[in-house]
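The following note is offered as a guide to reading the model shown below. Its points are numbered so that each can be checked against the structure in turn.

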Amino acid sequence: MGIEQKAGDMGIVTTSLEQLVNWSRSSAMWPLLFGLACCAIEMMGAQGANYDLSRFGMEINRASPRQADLMIVAGRVSRKMAPVVRRLYDQMADPKWVIAMGDCAACGGVFNNYAIVQGVDEIVPVDVYVAGCPPRPEALIDGIIHLHEKVKRMRLDGELREPVRLS
Amino acid sequence: MALDNATVLERLRAALPDAILGSTEFRGDLSVYVRPERIVDVARFLRDDPELRFNFLENLCGVDYLGREPRFEVVYHLVSFTNRSRICLKVGVEEHNPSVPSLTGLWPGANYHERETFDMFGIIFTGHPCLERILMPEDWEGHPLRKDVPLGAEEVAFTFNQDRIYAHKPFAKE
């Protein structure tokens, strides 16, 4: 008989530190308020009552990068905005993650021109790309769940374990 | 009282005969081609003349006719609220010396329009108080609305060419 069964009545759970840290990181991930274009409307929809992003511990959008873990780049990034995006990313405390929401943030989308950065991954490292123009709230939530899975397989030294496939 | 175009043109020609190069009319809209160095005089006359009173600069923009001489054109639209009438002034700009006198002395609102035209076409407005880029980043090279600037920013990636494109794309590492 293991210690889990013996200690069950006393309200004690044993786990690894890694799992505990990853569980707390992924269960209360605070996004940075960062709506750049029409994708931001879908992001607001995802946070509203119908789709209810707070089920994933993400109901609180921070207006300050110092309090945020996750940057959801929702919309096209213009060349003039690019230094601002990078600066906000640099101001976020580690560990931090980035979701490129929508086609424009992922690859420039329909704006293949002089004014728009051709994918926000030229400026900041992106963890999850969410396709769509704009993606529906379900797609954004799916991307967030993928990110949670990614966070949960992070080792304490920062390396990633083998991917877990969501079927 | 609405003003007819013939009267406007007649008064303009009578006051500044050497400044007007020509005129066209299309569906009731009058366009006047003006000698570049006289654009301020023409605009001031149209604004201050007690009969005409074109006292509102509606917009100002540049056009690039690549391959034509003069290559660029600056287009001004003036409105007369009292006469319920509009006039379009056009100024040809040479490619080797792309400069036009600024209208900021007449209408302070011309400031941002001229900065945008400078930003997009590289047309220099002499006498402008602060001719800097307004839309593009300071370190952007060239003027994006010129016809010789490439239309697309990068090659579109498909499965057959994505390896070649992504090998050169400047991805952010950290």
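1. The note begins with chain B. In helix α2 of chain B, which spans residues 39–48, the buried residues are B:I39, B:V42, B:A43 and B:L46. Around the helix axis they occupy an arc of only 95°, and they therefore lie on the same side of α2(B). An α-helix has 3.6 residues a turn, so residues three or four places apart point the same way. The cover over the buried residues of α2(B) includes the strands β2 (29–34), β4 (72–80), β5 (85–93) and β6 (99–101) of chain B.

2. The reader should keep in mind that this is a predicted model. Every statement in this note refers to that predicted model.

3. Chain A may be surveyed next. Its secondary structure consists of six helices and four strands. Read from the N terminus, the elements follow the order α-α-β-α-β-α-β-α-β-α. The C-alpha trace of chain A spans about 65 × 35 × 30 Å along its principal axes. Chain A has 167 residues, of which 33% count as buried. Among its contacts between residues at least 6 apart in sequence, 76% join residues at least 24 apart.

4. How are the strands of chain A ordered in the sheet? They form an open sheet of four strands in the order β1-β2-β3-β4, with parallel pairing. At the edges stand β1 (31–32) and β4 (128–130) of chain A, each of which pairs on one side only.

5. The pairings of strand β3 of chain A deserve a closer look. Five bridges connect β2(A) with β3(A), and these two strands run parallel. One residue pair to find is A:M71 and its bridge partner in β3(A), A:V98. Strand β3(A), residues 97–101, is also joined to β4(A) by three bridges, again in parallel. Here A:I99 stands opposite A:V128 of β4(A).

6. Is β3(A) largely enclosed or open? Five of the five residues of β3(A) are buried, so the strand is largely enclosed by the rest of the structure. The cover extends to both faces: A:W97, A:I99 and A:M101 are buried on one side, and A:V98 and A:A100 are buried on the other. In a regular strand the side chains alternate between the two faces of the sheet.

7. Two helices of chain A should be considered together with the sheet. Helix α3(A) lies across β2 (70–74) and β3 of chain A, and runs at about 130° to β2(A). Helix α6(A) packs on the sheet, where it touches β3 and β4 of chain A; its direction makes about 170° with that of β4(A).

8. These helices also meet each other. The axes of α3(A), residues 39–47, and α6(A), residues 137–152, come within 8 Å and cross at roughly 75°. The two helices are therefore roughly perpendicular to each other. On the α3(A) side the contact is made by A:E42, A:M43, A:G45 and A:A46, and on the α6(A) side by A:P137, A:L140 and A:I141. By class, the contact of α3(A) with α6(A) has five nonpolar residues, one polar residue and one charged residue.

9. The last point concerns the contact between the chains. Chain A contributes 11 residues and chain B contributes 13 residues. On the side of chain A that touches chain B, there are four nonpolar, three polar and four charged residues.

Definitions and conventions. Residues are numbered from 1 along each chain as its sequence is written. Chains are lettered from A and ligands numbered from 1 in the order in which they are written. This is a predicted model: local features need pLDDT of at least 70, side-chain atom pairs count only at pLDDT 80 or more; totals for chains, interfaces and linings use all residues. Axes are lines fitted to C-alpha atoms, for helices over the stretch in contact, and angles run from 0 to 180 degrees between N-to-C directions. Angles under 35 degrees count as roughly parallel, over 145 as roughly antiparallel, 65 to 115 as roughly perpendicular and the rest as oblique. Two residues are in contact if their C-beta atoms, placed from the backbone, lie within 7 Å. Ala, Val, Leu, Ile, Met, Phe, Trp, Tyr, Cys and Pro count as nonpolar, Asp, Glu, Lys and Arg as charged, and the others, Gly among them, as polar. Two strands pair if DSSP finds at least two bridges between them. A residue is buried if 20 or more other C-beta atoms lie within 10 Å of its own, exposed if 12 or fewer, and partly exposed in between; C-beta atoms are placed from the backbone. The arc is that of the directions from the helix axis to the C-beta atoms.
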